[in-house]
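Okay, everyone, thanks for coming. Let's go through the open and closed spaces in this one, and then the sheet. Have a look at it first.

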Amino acid sequence: PAHAPRGPNVNFGTRSLRDVVQTASPRPLVPARTGTMEEGEGKRPGVASTPSLHPDRLTIVLTTSPIKTHPSTRLIEEVFESIAVLAGLGECRKIIVADGVKVREHDKFRSGICTPEAMSNYMHYLSRLEALTKTEGSPLRGAELLALDERHGFAHALRRGLMRVATPFVLVAQHDRSFVRPVEVSHVLDVMETANAHTVCTTSGRVNYVGFPTTTTLSHGSYVASKYGLAVEPVTRDVPDPKVDGSNPGRGHSTNEEQRPSTLRLLPLVQFYDSMHVASTRWYLSRVFGRSRYVNLPRGGFIEDTLGQHMLRTIREECAGPRASDADAVARAHAAFGTFVYQDDSEETKCGHIDGHDVLTAHGSCRKYGFGYSHTSEERWREIEGGAGHAHWGEGTYDTVTGYRDDPGSVALSADVNV
């Protein structure tokens with residue numbers, strides 16, 4: 001179920017979260033999952049699950065927008081199931097931010113432009129998502145769906161979701177990037193809490209962002225060394241032991257404490273990446289979007305295209321000449337940003353990209369899917385909709401968020417949370 005923030009009633013678009021919970025359909029709009037796998041689909045063999053994280057620590061904010069395979073829901077179901085199973089975040093609050101679109105004669109999905117037909121498919125997709133949020137057994141169960149009435153782009157669509165986050169940490173996800181291997185997110189958050197204790201967001205040396213390795217960031221150190229001549233070396237942070245120092249009691253740590261690592265290795269990222277990551281909510285609201293922001297983010301764009309380039313340019317300017325080959329100098333220049341990528345001895349990716357414009361992703365046979373049992377096939381949707389298509393769902397009851405900005409006073413995060 002959705003987790004309502006403590007304290008005053010917080011507004012989510014045109015309704016409050018409590019209103020959403022209280023008015024939710026008492027029975028699922030899609031028949032509850034039985035656990036039966038569709039033929040030829042299932043879970044990758046040998047994939048271990050990760051212990052659940054306490055929901056008070058983190059909220060998931062996922063952004064979605066039109067793609068060629070809509071109204072299929074397979075892609076987003078895959079992403080949320082991977083987050084639940086491989087990252088242990090199934091009990092955390094989920095916010096889905098559906099970006100607005102511009103309707104034109106030709107599709108240009110990356111720019112939020114689509115034809116009337118693609119727009120119709122997108123609205124059909126959103127109706128199906130709403131049904132899944134009320135379906136027992138769905139990985140989307142309990143999620144809050146916010147539909148923006150204007151095109152924002154990834155960066156500012158994320159901002160609208162972050163304004164509604166009441167937990168100290170957030171997992172930033174996209175509808176086409178999933179976990180592919182297990183990750184103990186609780187250990188990452190423990191390190192972030194310890195590193196950021198007794199600091200403010202403008203303090204250098206914090207751990208504000210930890211990305212999970214993709215094919216791009218897995219070799220980040222060698223990439224920036226060869227392309228920019230920057231020496232980047234990993235740092236090792238102690239993972240607090242709750243049995244010794246009493247930190248984070250009952251916070252959803254691994255049930256096998258003997259396997260709990262004593263340290264965590266983090267590689268400084270000299271440029272921001274939008275891909276799957278956990279971050280300090282306060283840092284996002286203050287340094288990425290707030291009055292203390294590093295740089296202005298244009299409407300309609302991605303954070304990595306602006307903040308990522310700003311970071312790289314700043315670090316290169318501060319480490320010009322022979323200082324570029326001095327890892328300590330690069331670390332000092334990077335300290336104001338506090339962005340890292342998670343590393344372990346496996347040297348394997350933890351997240352992967354699934355191309356939502358590839359027609360194969362509308363089918364369970366797509367080789368990039370690992371959790372086909374959690375998907376709702378197009379055949380099943382047609383059966384549920386009784387041949388009526390989008391008309392079956394009628395008028396959506398999900399939140400439509402108007403305008404471009406929230407009232408600054410409506411931020412859900414408590415003012416005393418700074419980690």
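So, the second largest pocket has a volume of about 570 Å³, and keep in mind that this is a predicted model. Its lining is made up of 17 residues, and those nearest the centre are Leu285, Phe289, Gly290, Arg291 and Pro408. Two elements give two or more residues to that lining, H4 and helix H8 (281-288). Which of them gives the most? That's H8, with four residues. If you care about chemistry, the lining splits into seven nonpolar, four polar and six charged residues.

Now H4, residues 154-162, since we just met it. Nine of its nine residues are buried, so the helix is largely enclosed by the rest of the structure. The buried set includes Arg159 and Arg160, along with His156 and Phe154.

H4 also turns up in the largest pocket, which comes out at about 700 Å³. That pocket is lined by 33 residues, with Arg110, Gln174, Asp176, Arg177 and Phe302 closest to its centre. The elements giving two or more residues there are strand E3 (58-64), H4 and strand E15 (351-353). E15 has the largest share, three residues. By class you get nine nonpolar, 16 polar and eight charged.

What about closed space? Searching the whole structure gives two cavities of 30 Å³ or more. The largest holds about 50 Å³, and among the residues lining it are His70, Arg74, Tyr125 and His175. Helix H2 (residues 74-86) gives the most to that lining, three residues. Four of the lining residues are nonpolar, four are polar and one is charged.

The second largest cavity is about 30 Å³. Its lining includes Tyr209, Gly211, Ser275 and Met276, and by class that lining has four nonpolar, four polar and no charged residues.

Tyr209 and Gly211 bring us to the sheet, as strand E10 covers residues 209-211. E10 pairs with strand E13 (residues 277-280) in the antiparallel sense, over three bridges. Within that pair, Val210 has Val278 in E13 as its bridge partner.

Zooming out, what is the strand order of the open sheet? It has ten strands, running E11-E12-E14-E10-E13-E8-E3-E4-E7-E16, with mixed pairing. At the edges sit strand E11 (235-238) and strand E16 (399-401), each pairing on one side only. On average, neighbouring strands are turned by 30° against each other, direction ignored. And E3, one of the strands in that order, is also one of the elements lining the largest pocket.

Terms used: Residues numbered from 1 in each chain as written. Predicted model: local features only at pLDDT ≥ 70, side-chain atom pairs only at ≥ 80, totals over all residues. Heavy atoms only, no water. 1 Å grid on protein atoms, 1.4 Å probe; cavity = no way out; pocket = protein on both sides within 12 Å on 5 of 7 lines; lining within 4 Å. Points joined across faces, edges and corners; volume = space filled by probe spheres on them. Nonpolar A, V, L, I, M, F, W, Y, C, P; charged D, E, K, R; others polar. Pairing = 2+ DSSP bridges. Axes fitted to C-alpha atoms, helices over the stretch in contact; angles between N-to-C directions. Buried < 20%, exposed > 50% of the residue type's maximum accessible area, 1.4 Å probe, protein only.
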